[in-house]
Amino acid sequence: MSYLPNVLFALLLIGGVGFFVRNVKKLSRNISLGKDIDRSDRIADRWKHMAAIALGQSKMVRRPIAGLLHIIVYIGFIIINIEVLEIIIDGLFGTHRIFAFAGGFYNFLIGSFEILAFLVLLSVIIFWIRRMVLKLPRFWSKEMTSWPKNDALNILYFEVVLMGLFLLMNAADYGLQQMGAIHYVQAGSFPVSQFIASWLPENELTLFYIERGAWWLHIIGILIFLNYLYYSKHLHILLAFPNTFYANLEPQGRFDNLASVTKEVKLMMDPDADPYAVPEEGEEDEVGKFGASDVTDLSWVQLMNAYTCTECGRCSSVCPANQTGKELSPRAIMMKTRDRLEEVGRFIDKEGEVAFREKGDGKSLLDTISEAELWACTSCNACVTECPVSIDPLSIIMDMRRYLVMEQSAAPQELNLMMTNVENNGAPWQYSQMDRLNWKDE
Ligand code: SF4
Ligand code: SF4
């Protein structure tokens, strides 16, 4: 019977971690629906990029207040993982404060956890005030209603509850230590929770129930939080690292060429090429699709971008198209891409990937991202520069535009005119090549 809590804890842990692993597999399956792209070059630069941006939070501090608060919450998250390790060992083996043997160092650790937990609480309150009282415009755009809005708030409330339980657990533990209760080893330093302890009843049994209750709720809360991540923008806690590692390191503004188009142009330029030649056996190219109309036409990095987006809206706040009232919001592009990918994932869960590849589900990304949004983009790269986790909304916009132009001939009239001019006159203007320099004589 005395092993019951340990067994219960083990079952809880297996259930919580098992569900998380199941969702991670689903996540990885969905990302791998994207096209292959080689990002295995410049490994040293990639490590540096990841260390500076994901680990060092270098882009977050461009907006100092939000950056500082975010760093506190981020360090709190890392620290809490060290504490969780102790909880897991204690839970499985029925020990209490198993790391207490570290003496002074343990005291220092617990003391710093408490100060951080307190700072996290303060940061979360300030985050809440910025969002709900000051109503910063980027948190109140039209794409930030229903689930995206609730998700952001849920996580703030989660943090408050988890940090509160942690401090309450320590406060009760401190009280029990003062009373010399059996099992409660004299360990830890409690710079914050000792004040909470003074508000608690001075009854050993009551304190025991408070400590155990807070301990259990704290670990259950952490497991719920872990599993909530998959459904939340807070997946960036995990994905920011691979996302920055596999980011596009090319200079901004350099676009890739479609291999099939390059080949076609080379053939056109080659005087010896026979445009009617039948390809030799085994050399036939599968006729690929130009650009992207759905998530499976995007690369796996673009799909990972969509899952990593924190919905912070920094991109949209600097987007000139968005600022001038156009329909485009780079944040919405990422959110719609993720929503569509999730929709495809659910279809595959039911019908299988083969069924999706063969007949699709009758929908596409173009059902939610409108042509008006796509053509509003000036390709200025401001969104890419601003994104704190190296997301590239522009690449998705460009791939979808390619589809509209090359597969649907659906470019706006002005662009069609410009492209016809380039084709006929070798320049975007309506003049013949001979007249191109006439302006200099005027
Ligand atoms: S590249 Fe396009 S989406 Fe990004 S900021 Fe510029 S206009 Fe907006
Ligand atoms: S793309 Fe980047 S900047 Fe834009 S909302 Fe997502 S995380 Fe924020």
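Q: Which helices each supply at least two residues of the shell around ligand 1?
A: They are helix 16 (382–386) and helix 17 (393–407), where a helix is a DSSP run of H or I with at least four residues, numbered from the N terminus. This is a predicted model, in which local features need pLDDT of at least 70 and side-chain atom pairs count only at pLDDT 80 or more, while totals for chains, interfaces and linings use all residues. Residues are numbered from 1 along each chain as its sequence is written, chains are lettered from A and ligands numbered from 1 in the order written, and side-chain values use heavy atoms, without hydrogens and water.

Q: What makes a residue count as surrounding ligand 1?
A: One of its heavy atoms must lie within 4 Å of the ligand; 13 residues surround ligand 1, and Cys319, Cys377, Thr378, Cys380 and Cys383 are the closest.

Q: Which residues come nearest to ligand 2, and which elements give two or more residues to its shell?
A: Of the 13 residues around ligand 2, the nearest are Cys309, Cys312, Gly313, Cys315 and Cys387, and the elements are helix 11 (314–318) and helix 13 (330–351).

Q: Why is a set of residues called a nonpolar core?
A: The name applies because its members are Ala, Val, Leu, Ile, Met, Phe, Trp, Tyr and Cys residues that are buried and joined through side-chain atoms within 4.5 Å, buried meaning under 20% relative accessible area with a 1.4 Å probe, protein chains only. The largest such core has 98 residues, and Phe225 is among those that touch the most other members. Helix 5 (residues 146–179) gives the most to this core, with 13 residues.

Terms used
Buried < 20%, exposed > 50% of the residue type's maximum accessible area, 1.4 Å probe, protein only.
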